[in-house]
Structures are given as C-alpha cells and as structure tokens.
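Me: Let me go through this model with you, one label at a time. I will ask what each label rests on.

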Amino acid sequence: MAKTSKKEMEGEVYYPSEQVVTQARVKDWEALASKAEKDLEGFWEAEASELEWYKKWDKVLDRSNPPFFKWFVGARTNIVHNAIDRHLKTHRKNQLALIWESEDGKEERTFSYYAMNREVSRMANVIKSMGVKKGDRVTIYMGRIPEIAFAMLACAKIGAIHSVVFGGFSVDALQGRIDDSQSKLVITMDRSFNNGKVIPLKQTVDEALKRCPTVENVIVVKRVDEDIPMEAGRDHWYHDLLTLPIANGKCPTEELDAEDPLYILYTSGSTGKPKAILHTHGGYMVGTYATLKYVFDVQDEDRYWCAADPGWVTGHSYIVYGPLINGTTSFMFEGGPTYPYPNRWWQCIEKYGITILYTAPTAIRGLMRFGEAWPNKHDLSSLRLLGSVGEPINPEAWKWYHRVIGKEKCPIMDTWWQTETGMFMITPTPTVPLKPGSGTRPFFGQTAEIVDEEGKPVEDGNEGYLVLKNPWPSMLRTIYGDDERYVKQYWTKNPGKYTTGDSAKRDKDGYYWIIGRVDDVIKVSGHRLGTAEVESALVSHSAVAEAAAIGLPHEMKGQGIHCFVILRSGVAPSAELAEELRQHVAHSMGAIARPEEVKIIDKLPKTRSGKIMRRVLKARAQGLPEGDVSTLEE
Ligand code: WTA
C-alpha cells in the first residue's frame with residue numbers, strides 16, 4: 001500500500017494497493033454504502049436472499065414495537081441449514097470446513113462439510129436422547145477443540161439454546177451462568193490446554209454443580225488419557241455415548257421461526273451480574289454472513305483463521321457461524337501465540353497457508369515484544385488480509401502488524417462491535433483507506449453518532465458517547481428473561497438510539513476513533529469483565545468488608561484490574577493478605593480476572609447515597625484531576 005495521500009484526508013492514511021482493489025468484492029464502498037443508506041431493508045433483504053430459507057419472510061423488518069425489533073418476520077429457517085445443510089448439495093460437501101491443530105502440534109484433525117454434518121448430527125442425536133428439546137438451555141464449557149463447535153451447532157440444529165461459558169472462567173462465574181440460564185445439560189471436557197498449562201475444566205464443573213440443581217446430565221469429551229472422577233448417572237463420556245445406536249450421523253434440522261432464540265451469551269455490563277445477551281436464528285445468520293463476506297471478503301481459496309476463543313462473541317460469530325455460512329475453510333488452533341515459543345502462530349500460518357488472520361491488539365502487542373526475528377523465520381506470504389478486534393489498537397501495534405506480519409500488502413480490518421451487536425458495526429472493507437487506530441466508518445446500513453450527556457451530537461473532533469441509529473439484523477433481541485433491563489440499558493439514555501457504552505471521536509473524514517468504555521466494564525486483554533463481578537469475588541472472602549475494582553491502562557493487556565478493599569474489623573492488613581485476595585479472585589472468576597494489585601485501604605470515595613465513585617479512584621490512581629466531586633460524601 002502506498003503511504004502517500006491521494007484524496008485530501010486528515011492524518012496518516014494507508015491506501016489499498018492495485019492488487020487489493022482488483023481482488024476485492026466491494027470495489028466501490030461509497031456506492032454500496034449509499035444504496036444501503038437509502039434502502040436499509042432492501043440492502044438486508046438482498047443479503048438474506050443469498051441464503052436458503054424453508055419459507056421466506058412476509059416482512060424484512062418490523063419496527064412496530066421498538067426497541068423490540070424483529071427481522072425476517074414470518075420466515076422459517078435454522079442457522080444450521082445455511083451453515084451446513086445447504087453446502088452438502090454443492091461442491092462444498094467435500095471442501096474443508098475446519099482444520100484443527102493441537103497446542104503441542106502433534107495432532108491435526110480436519111473436517112469436510114460432509115464430516116461436519118455427521119459430527120454435528122451425532123452430537124445432536126445424543127443430546128436429544130437426553131431429553132433436550134427446543135428452547136431448553138445447554139451450557140457449553142470447553143477449550144478450543146472441534147467439539148465446542150459441534151456442541152454449539154448440535155444445539156442450534158435441534159432448536160436448543162446454547163450458552164457457552166469461556167473456558168478461562170472459573171467456578172463462581174460458571175456456576176452463576178449455569179444457574180441463571182437454568183441449563184439442563186452441561187457439555188464439557190476433562191481438561192484443556194492454555195499456554196502449556198492444563199486447565200481442569202471438569203473439576204470446575206463438579207465444583208459449580210454442587211450449587212446448580214437444574215443440571216441433569218454432563219457430557220464429557222475426553223482430551224487427555226487420564227482418569228478423572230465421573231458421577232454415575234450424571235456424567236457421561238462422549239466417546240461412550242458415540243457407540244450407542246442413537247448417535248448416528250443423521251439428524252433432521254429443526255425448522256424454526258426466524259426469531260426463535262439461537263443462543264445466549266453472558267457479558268458484563270454496568271453494575272450487577274452479567275447479562276444474558278439473546279441472539280436469534282434468522283437475523284444473526286444474515287448479519288454474520290454478510291459482514292464476514294464483505295469485510296474479510298472470504299473466497300473459496302481462502303484459509304481463514306480467527307484466533308479468538310469460541311467462548312466469546314468473536315468466536316461465536318466469526319469462528320463458528322459466519323465462516324460456515326459462507327462456506328469458508330477455517331483454521332482453529334488449540335493453544336496460544338507464544339507457547340512453547342513466540343513463533344507458534346507463524347508456524348501455523350506457514351504450515352496451513354493461512355490467508356486471513358483475525359486477532360486482538362493484546363496478542364499483537366504480546367508478540368511484538370519478542371521482536372521481528374520470530375515472524376521473519378517463517379514464510380507468511382500466503383496472508384492477504386489481517387483483522388483486529390476487542391479493544392482500540394494502538395498505532396504502534398497496528399504498524400508492526402501491518403509491516404512485519406502483513407509485509408505492507410495486507411489491509412488491516414479493525415472491526416468495532418460488541419456481544420450485543422453480534423456482527424461488525426464500525427469497520428472498513430478491504431479497499432477502504434485506513435488510518436492506524438480507527439475502525440473507519442459504520443458498516444453498510446448503519447449510522448453512528450457521537451453525542452454529549454444530553455444526547456446532542458457533538459462537533460467532529462470532540463469526544464462523546466457513541467450511539468447507533470439504525471436497527472440491524474443481528475442485534476440482540478433482549479436480555480434473556482429481563483426485557484426491562486434491555487430497554488433501560490441500551491435504549492433509555494438516548495431515546496430511539498442504541499447506546500453502546502463506548503466513548504469515541506469522529507474526525508473530519510467521518511472516521512470513528514473508539515476511546516473506551518464509559519461504564520463499569522474493563523477490557524483485560526480484550527476480554528470483557530465487569531467491576532461488579534470482581535468486587536463480588538472479593539467480598540466473598542471472609543476478610544473483606546467492601547471492595548472496589550477499576551481498570552487502569554496496562555501496556556500489554558490494554559487494561560489491568562486494580563482493586564481497593566476495606567477489611568472487616570479485627571482483620572490485620574498485610575502484604576500476604578493482599579496477595580491472597582488476588583489469588584482468591586483468580587480462583588473464583590478465572591486467571592484472566594487476577595487483579596494487578598489489591599490495595600488495602602480505610603475508606604472508599606462514595607456519593608452521599610453510598611455509591612462507590614470509581615471515577616475518583618481512577619483519577620487518584622493515575623494522578624489526574626478528580627473532576628466534579630460535589631456529590632462526594634464528607
Ligand atoms: C471494545 C467484542 C476498539 C469496545 C467483539 C466494545 C473495541 C467492547 C473494538 C465489546 C475495536 C471491540 N476497537 N474497541 N475494534 N472491538 N471493542 O462484547 O469497548 O467482548 O464496547 O465484544 O469491546 O466487547 P465484547
């Protein structure tokens with residue numbers, strides 16, 4: 001890409017090369033954007049028409065009861081029909097859907113679309129035989145192995161609602177999510193691997209289930225050849241179940257309404273416990289299909305790698321559903337980027353000829369630290385597109401990714417979106433001129449705005465709250481079981497608009513620059529965690545009376561968790577206790593939530609009504625002005 005500016009644009013601009021333009025599906029971004037702007041429903045109807053439906057819609061978008069929007073009203077479908085079934089009628093049947101490699105590189109498994117259908121059908125038949133029906137919730141708690149995708153798709157195939165809990169979460173986080181979803185079945189594995197460490201997933205399930213009365217059965221996929229305790233009647237080895245006649249490779253895909261629920265995914269928001277974001281079959285299917293198609297421009301020849309974890313929304317939309325619906329060949333890697341050496345990813349790219357790599361800024365920063373020699377040892381010439389997600393990417397990391405990994409020929413798709421949006425919302429497509437650190441402009445059919453405290457648009461260049469103006473097909477439909485909270489959380493502060501919870505700026509070229517969350521969400525290495533969860537983990541310790549958690553900038557992780565605790569009377573403060581509290585949070589929530597530090601203090605800044613002023617804690621910790629403290633008690 002040439003670095004010289006063509007059109008007068010502000011700041012540093014990277015233009016697409018001739019080759020990128022020649023290859024790209026969308027050559028004229030402006031034309032498609034303006035078409036979608038003029039006819040939102042027409043745009044999405046055309047996308048939906050590229051997929052197969054048992055019965056087509058009577059209406060594309062029902063806006064009669066906002067913010068409870070409905071998409072493809074009256075249509076009959078099942079996302080699995082488009083992710084798998086429809087490919088079996090074409091050349092894709094024999095094409096690879098999934099390539100998997102184990103952390104140690106000793107195992108490799110591949111699945112054609114035909115094989116995906118067989119494996120998903122077998123799992124679907126097994127879970128059906130356990131009495132799981134349409135609408136039932138199933139919790140999936142696994143590492144990065146093909147069976148996590150089979151489990152999700154098997155649920156979807158029979159109309160059950162999956163609830164995947166990230167395999168890096170621990171007992172309390174898992175227990176809370178199983179309990180809230182009232183799952184009947186848990187699908188897990190004995191152990192998983194992460195950066196050379198063994199994670200005892202089944203043991204965590206056992207601990208969590210002591211407090212989860214709704215769970216009747218646990219399916220355990222064997223990953224390691226070791227014995228683990230199994231509870232008779234409740235726990236079943238998956239490989240044993242597969243020997244039963246019921247586990248055959250044919251299972252009809254349940255015909256569903258477009259608006260039937262597909263999954264819930266718990267995510268942290270402002271205050272309180274995590275919210276179950278609900279996505280549906282029809283709209284989510286169209287949204288993930290179209291965004292992946294346009295943004296990563298997937299083609300039959302591609303080998304696409306989204307290095308996220310299936311346990312987060314990025315994995316749901318862009319490891320499992322989006323790629324399969326597009327008929328893509330995906331690569332899934334069990335391990336992390338730096339174990340045993342910092343060339344693990346580059347090895348995989350070279351070995352499998354990966355053409356598209358989609359990852360998070362934290363991974364890039366982590367790899368950058370080890371220097372250029374590691375990637376330079378490998379042939380990365382197969383790459384043609386790169387992607388970034390999860391948090392703002394600092395220009396330094398962007399440029400390293402672009403130069404060292406992409407060899408200055410791969411545009412970087414910096415995709416801004418959320419668990420709630422289900423699909424990319426602010427993102428370039430490959431031919432859009434790029435500015436390091438900006439996700440460029442909203443996706444086709446979307447309009448964003450930056451508003452002030454009163455909801456009035458601010459002038460370009462000024463910071464404000466990011467809101468979205470138009471409905472989109474893969475939008476969350478509600479917070480499962482809590483419509484009121486859905487309305488309050490997203491649609492009340494700026495009536496008629498979706499409040500994202502992020503602050504941002506727009507420059508004079510209309511490019512958006514995300515600054516970060518404005519609520520109590522902390523993004524640790526791109527993982528979304530809530531201060532409330534960390535605080536409740538802390539107060540569950542017998543020494544703690546009160547706790548506050550905040551996110552502070554962290555060089556590698558983006559943000560790190562910092563905690564302040566007041567001890568119960570009679571408990572003596574000590575460095576050992578502070579350390580014990582750090583470990584306590586890691587044990588109850590998961591290692592990703594281990595605080596950088598726990599400070600024992602005597603007093604927390606609170607409002608007169610007793611709310612902790614985290615804003616003040618944050619300012620004090622960074623030596624910044626405390627802002628308006630007129631509501632501070634004392
Ligand atoms: C942040 C992850 C800047 C943002 C898909 C958002 C980003 C939150 C980007 C959602 C990006 C995500 N640039 N910030 N490209 N992508 N974010 O639900 O703060 O885990 O609100 O979804 O991540 O996190 P979630």
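Me: Why is Thr 440 called buried?

Reply: Its relative accessible area is 1%. Buried means under 20%, exposed over 50%, and partly exposed in between, with a 1.4 Å probe and protein chains only as cover. Thr 440 is at 1%, so it is buried. Two remarks on the source: this is a predicted model, where local features need pLDDT of at least 70 and side-chain atom pairs count only at pLDDT 80 or more, while totals for chains, interfaces and linings use all residues. Residues are numbered from 1 along each chain as its sequence is written, and side-chain values use heavy atoms, with hydrogens and water left out.

Me: Where does Thr 440 lie, and what is its phi?

Reply: Thr 440 lies in the loop between β20 and β21 (448-451). Strands here are DSSP E runs of at least two residues, helices are H or I runs of at least four, and both are numbered from the N terminus. Phi of Thr 440 is near 60°, a positive value in a residue other than glycine. Most residues other than glycine have a negative phi, and most peptide bonds are trans.

Me: Which label does Glu 408 get, buried, exposed or partly exposed?

Reply: Partly exposed, because its relative accessible area is 33%, between the two limits. Glu 408 also has a positive phi, near 60°. Its place is the loop between α15 (395-405) and β20 (412-414).

Me: Which peptide bond involving Pro 67 is cis, and where does Pro 67 lie?

Reply: The bond that joins Pro 66 and Pro 67 is cis, with omega about 0°. Pro 67 lies in the loop between β1 (59-62) and β2 (70-73). Tyr 339 and Pro 340 are likewise joined by a cis bond, omega again about 0°. Pro 340 is in the loop between β17 (329-333) and α12 (344-352).

Me: How many disulfides does a search of the whole structure find?

Reply: Zero. A disulfide is a pair of cysteine sulfur atoms within 2.5 Å. For Cys 155, the nearest cysteine sulfur is that of Cys 251, 11 Å away.

Me: How do you know that Cys 306 has no bond to Cys 348?

Reply: Their sulfurs are 14 Å apart, and Cys 348 holds the closest cysteine sulfur, so this is too far for a bond. Cys 306 counts as buried because its relative accessibility is 4%. Cys 155 counts as buried too, because its value is 0%. Cys 155 lies in helix α6 (residues 146-158).

Me: What makes Tyr 486, Tyr 490 and Trp 491 neighbours on one side of α16?

Reply: All three are buried residues of helix α16 (residues 483-491). They cover an arc of only 70° around the axis, so they are on the same side of α16. The arc is that of the directions from the helix axis to the C-beta atoms. On the other side, Glu 484 and Lys 488 are exposed.

Me: Which backbone oxygen lies 2.9 Å from a polar side-chain atom of Ser 181?

Reply: That of Arg 177. A polar contact is a pair of N or O atoms within 3.5 Å; within protein, one must be able to donate a hydrogen and the other to accept it, and residues adjacent in sequence count only if both atoms are side-chain atoms. At 2.9 Å, the pair therefore qualifies. The Ser 181 side chain also reaches the backbone oxygen of Ile 178, at 3.1 Å. Ser 181 belongs to helix α7 (residues 171-181) and is buried, because its relative accessible area is 0%.

Me: How do you know that Thr 419 makes a polar contact with the ligand?

Reply: A polar side-chain atom of Thr 419 is 2.5 Å from a ligand oxygen. That is within the limit, so the contact counts. The protein buries 97% of the 530 Å² that the ligand exposes when taken alone. These areas come from the Shrake-Rupley method with a 1.4 Å probe. Thr 415 offers a polar backbone atom 2.7 Å from a ligand nitrogen.

Me: How many residues surround the ligand, and how do they divide by class?

Reply: There are 17, and Asp 414, Thr 415, Thr 419, Arg 517 and Arg 528 come nearest. Near means a heavy atom within 4 Å. The shell has six nonpolar, five polar and six charged residues. Ala, Val, Leu, Ile, Met, Phe, Trp, Tyr, Cys and Pro count as nonpolar, Asp, Glu, Lys and Arg as charged, and the others, Gly among them, as polar. Helix α11 (313-325) and strand β25 (512-517) each supply at least two residues of the shell.
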